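Subject: Structure for you to look at

Dear colleague,

I am handing over the structure below, and my notes on what was found in it follow directly after. Please read them with the coordinates open.

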Amino acid sequence: MATVTHVPPSSAPDKGAARRLYGTLIGLAALALTLAASVMFGSSTTSPGDVIDVLSGTADEQITTIVESRYPRTVLGVLAGLCLAVAGTLMQGVTRNHLAEPGLLGISAGASAGIVTATAFWGASGSTAAMWWALPGALIAGIMVQVIGSAGAGRSQVRLVLAGAVLSAVLMAYIQAVTLSKPQVFDSYRYWVVGALGGRDFGVFTAMLPFAAAGLVLALALGRGLNALALGDSTAASLGANPWLVRSGGLIAATLLSAAATAAVGPISFVGLAVPHIVRAVVGTDFRRQIAFSAVVGPALLLAADVIGRVVMRPQELMVGVVTAFVGAPALLVAVRRMRGNT
């Protein structure tokens, strides 16, 4: 008689589920730690007990003022990090290019052009006024890139990238011309263009929230369609998805999210590029999980960079836009090497 060898079921699904669970728990713990660090550390350090006293209303006036002054930048860091990370995930899904990031849409250049125009010709000043000029500039640039990139026969993601590069180059030339001819505009613009969470109040957060919420809701609704799109246009259509609608919706959501974040805190690089790589290494290729986990990892990364910028040159402060490159680059290299090892 032939013997039947029992083959145990594969444990790969269990390992994948365990990796997602542990990764999610670690991500949530990292977010909680960076939230606590953001209200504790700055030019003057406060203890966890001081923060608890402030929350309970028993701290003295000086400690209360110090801790409460850090609330706006903390909530802005959460929302901006979420927006940039989810926008990067959408861009990489829509273009099927793991090097794609929100800057491909010309968002940063459009926001910068709006700031420079308002400052030079209408005398706008202050973070709130700058935000209201940067937002339409970013949205208009994103829409123009999508219109130019989709014009003509057929649709090509290469055309979209080229349209973003061309528009960004034109806008940056305009920005340089204005700032070089008006030194007072450059003095105001150079602070915003680096990217910073400080110097903003809750009014910036409130104004940014509707655009961020609309982009996030649309992104969550597109998760299943992005999964189908990753299999190719013909396969996506056979599964009932409309590739054109999915791409258009993804680009609109990425534009809303990127524009809101850039208008509020300035152009911050690397978050939208690095976070999707980290997320894919933890939760896999399902875009529904990627979008949800990006909303955790993005804020944790941005807040960590902001805290580092506050303490590394104390009592002075290093802009978060500078720190993200140093924090994000090693994380991206590790994620890319891990992906290469799994291929």
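The side chains of D306 and R73 form a salt bridge, with N and O 2.8 Å apart. The two partners come from distant parts of the chain, since D306 belongs to helix α14 and R73 to helix α4, with their positions 233 residues apart. Please keep in mind throughout that this is a predicted model. Both ends of the bridge are covered: D306 counts as buried because its relative accessible area is 0%, and R73 is likewise buried, at 9%. The pair also belongs to a wider arrangement, in which R73, D306, R310 and E317 are linked in a network of salt bridges.

Over the whole structure the search finds seven salt bridges, and two others deserve a mention here. D233 pairs with R96, their closest N and O atoms lying 3.5 Å apart; this bridge, too, links distant parts of the chain, with D233 in helix α11 (residues 233–238) and R96 in the loop between α4 and α5 (107–122), 137 residues apart. Here both partners are partly exposed, D233 with a relative accessible area of 32% and R96 with 43%. The side chains of D286 and R289 meet at 3.8 Å, N to O, and in this pair D286 is buried, with a relative accessible area of 15%, whereas R289 is partly exposed at 37%.

Turning to the interior, the largest nonpolar core has 76 residues, and those with the most contacts inside it are V86, L90, L105, M208 and L226. Helix α4 (residues 71–95) supplies the largest share of this core, namely twelve residues. As background, nonpolar side chains in soluble globular proteins tend to be buried together. If you would like a place to start in the core, L90 touches A219, L226, G250, A253, A254, L257 and I291, leaving aside residues up to four places away in sequence.

Helix α4 also holds T89, and one may ask whether T89 is buried or exposed. T89 is buried, because its relative accessible area of 1% falls under the 20% cut-off. With residues up to four places away in sequence again left out, T89 touches P276, F287, Q290, I291 and S294.

On the surface, by contrast, L21, Y22, L25, I26 and L28 form a nonpolar patch, with about 540 Å² of accessible area together. One of these residues, I26, is placed in helix α1 (residues 12–40), and I26 counts as exposed because its relative accessible area is 59%, over the 50% cut-off.

Finally, two points of backbone geometry may be of use when you go through the loops. Most residues other than glycine have a negative phi, and most peptide bonds are trans. The peptide bond from R314 to P315 is cis, with omega near 5°, and P315 is situated in the loop between α14 (287–311) and α15 (320–342). F270, a residue other than glycine, has a positive phi, near 80°, and is part of the loop between α12 (243–265) and α13 (271–283).

With best regards

Definitions and conventions:
Residues numbered from 1 in each chain as written. Predicted model: local features only at pLDDT ≥ 70, side-chain atom pairs only at ≥ 80, totals over all residues. Heavy atoms only, no water. Core = buried A, V, L, I, M, F, W, Y, C linked by side-chain atoms within 4.5 Å. Buried < 20%, exposed > 50% of the residue type's maximum accessible area, 1.4 Å probe, protein only. Helix = DSSP H or I, 4+ residues; strand = E, 2+ residues; numbered from the N terminus. Contact = heavy atoms within 4.5 Å. Patch = residues over 30% accessible without salt bridge, like charges linked within 9 Å, V, L, I, M, F, W, Y side chains within 5 Å. Areas by Shrake-Rupley, 256 points an atom, 1.4 Å probe, with all protein chains shown as cover. Salt bridge = Lys/Arg side-chain N within 4 Å of Asp/Glu carboxyl O.
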